[in-house]
Amino acid sequence: MRRHHLIAALAALVLLLAACGDDDDTEGSDASATTLAAAEGAPDLMVAAPAIRVPAGPNTALYLEITNQGTVDDRLVAVAGPIGEEIQIHETTTDDEGRMSMGEVGGGILLPAGETVALQPGGLHVMILGVGELAVGDEIDMELRFEVSDPITVTAPVRDDIGSGMGDMDGDMDEMDGDMDDMDDMGEMDDGMEGSG
Amino acid sequence: MGQIRTSRSPRRARLAAALAALAVLAAACGTAAGDDDEADAIVDGTWGVLEGIELAGPTPAPEFTLTDTEGRPFDFAAETAGRVTFLYFGYTFCPDICPVHLAQLAEVLEKPGTPPNAQVVFVTVDPARDTPEVVRDYLDSFDVGFIGLVGTLDEVEAAQAAANVPVAIVEGDGDDYTVGHAGQVLAFAPNGFGYSVYPFGTRQTTFAHDLPLLAALTEPGAIPGGTES
């Protein structure tokens, strides 16, 4: 009896939480998710929802989510691709006065074992400098390079609706000041922000 | 029978607990979820009507004059009277947050039923790189109707100060510098007063919700959702 109730309540909660992140839903792009074979005592990375914003200015950004299903931490250390003069790993942070700025993340992005790290607007992102012309619907192969794991190539569609619905950024923006704890928090945020989680 | 009765009560208690949990969660995922996280200087819930962050009181539109992308002077307070104006300070090298705001606003303004007198004004905080042509080209990617303003560094800094946002600062040097700038969109009603701001992370539905409420504020002293104060 009690178990049934608990299960029902939990199911309701799960449904609600799922619905919670869903209202900006657009097309997902999980099709390009890639999994490396799991190995004992190794990171096991899965990349989901890669997307590049159609450039308006000289630069643009690549977003995606990386889940480390393994038992060992890894690190995203570089990204390479056929577009842009330079590709850097960046983080947008907010200072005490509400000023938002971005800077290169030295040493790359920690991918803790058992966690998902989301690169999403207003936080971590891959900045593509001098990107040139891209059109919505283009698909770009981007190679992600890691400290431990072998490189993973993902196909990122060019989109004009990344973050345009926004939402689920309901954490205190002031806390997003760029230390590792906050990066962990970012990774745990509801992935419904772009509706493509 | 007795056994059934005794089990009902805890069952109800559990149901009640589950419902309470659901209610809390439902509240947490509401569209105004960001409201209580906001900046210290702002007292939210002044009118309890707008989904953006409500200011402590109506705030006059800032007085500054810059130059639009066609080279004409643009007196902000004068040119925005009679319209809902969303004001944003950004720069075209910005790949992460500026496009989110501008894409959101473009989509909101394109929606059927949107008040026709709404406009977006983008002020560059990076006049060294953002020439009028560069700004025009950038804004056209979102909406050809967006107004772009440029000026000297002193002028755009004065504009930010007038709008009461943190003045942008250049970070790094050489050609690869970035600019830290205010993350929020400011909104002004047709009566020339601001009632709310929209921090980065605002939902598009929040802008869509507030736009008609702001558009209705045409008279001096009007308050959101109400009559003259």
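**Close-ups of a two-chain model**

**Where helices α3 and α6 of chain B touch.** B:Gln104, B:Leu105, B:Glu107, B:Val108 and B:Leu109 of α3(B) meet B:Gln204, B:Phe207, B:Ala208 and B:Leu211 of α6(B), where meeting or being in contact takes heavy atoms within 4.5 Å. Sorted by class, this contact has six nonpolar, two polar and one charged residues. (Nonpolar covers Ala, Val, Leu, Ile, Met, Phe, Trp, Tyr, Cys and Pro; charged covers Asp, Glu, Lys and Arg; the others, Gly among them, are polar.) The model is predicted, with local features needing pLDDT of at least 70 and side-chain atom pairs 80 or more, while totals for chains, interfaces and linings use all residues. Residues are numbered from 1 along each chain as written, chains are lettered from A and ligands numbered from 1 in written order, and side-chain values use heavy atoms, leaving out hydrogens and water.

**The two chains, side by side.** Start with chain A: two helices and eleven strands make up its secondary structure. (Helices are DSSP runs of H or I, at least four residues, and strands are runs of E, at least two, numbered from the N terminus.) Follow chain A from the N terminus and the elements read α-β-β-β-β-β-β-β-β-β-β-β-α. Chain A has 197 residues, and 50% of them are buried. (Buried is under 20% relative accessible area, exposed is over 50% and partly exposed is in between, with a 1.4 Å probe and protein chains only.) Take the contacts in chain A between residues at least 6 apart in sequence, and 69% of them join residues at least 24 apart. Chain B, for its part, has six helices and ten strands. Out of the 229 residues in chain B, 49% are buried. For contacts in chain B with a separation of 6 or more, 65% come from residues 24 or more positions apart.

**Helix α4 of chain B, with a buried face.** This helix takes in residues 132-140, and its buried residues are B:Val135, B:Arg136, B:Tyr138 and B:Leu139. Look down the axis of α4(B) and these buried residues fall within an arc of 165°, so they line one face of the helix. (The arc is taken from the directions from helix axis to C-beta atoms.) Turn to the other side of α4(B) and you find B:Glu133 and B:Asp137, both exposed. As for what covers the buried residues of α4(B), the list includes three elements of chain B: α3 (98-110), β5 (118-124) and β6 (147-150).

**B:Val121, tucked away in a strand.** You'll find B:Val121 in strand β5 of chain B. Its relative accessible area is 0%, so B:Val121 is buried. Setting aside neighbours within four places in sequence, B:Val121 is in contact with B:Phe74, B:Phe76, B:Thr85, B:Phe86, B:Leu87, B:Tyr88, B:Ile147 and B:Leu149. As a distance marker, B:Leu214 is 93 residues from B:Val121 in sequence and 16 Å away in space, C-alpha to C-alpha.

**B:Tyr195, another buried strand residue.** Strand β10 of chain B spans residues 193-198, and B:Tyr195 sits in it. B:Tyr195 counts as buried because its relative accessibility is 0%. In sequence, B:Tyr195 and B:Thr59 are 136 residues apart, yet C-alpha to C-alpha they are 6.5 Å apart in space.

**A:Pro55, a buried residue in a loop.** The loop holding A:Pro55 runs between β2 (45-53) and β3 (60-68) of chain A. With 15% relative accessibility, A:Pro55 counts as buried. Its contacts, leaving aside neighbours within four places in sequence, are A:Thr60, A:Val131, A:Gly132 and A:Leu134. Another residue to look for here is A:Glu133, 78 residues from A:Pro55 in sequence but 7.2 Å away in space, C-alpha to C-alpha.

**Two residues with positive phi.** Most residues other than glycine have a negative phi. A:Ala49 goes the other way: its phi is near 55°, a positive value in a residue other than glycine. A:Ala49 belongs to strand β2 of chain A, and with a relative accessible area of 2% it is buried. B:Asn164 also has a positive phi, near 60°, and isn't glycine either. For B:Asn164 the setting is the loop between α5 (153-162) and β7 (169-171) of chain B. A relative accessible area of 69% makes B:Asn164 exposed.
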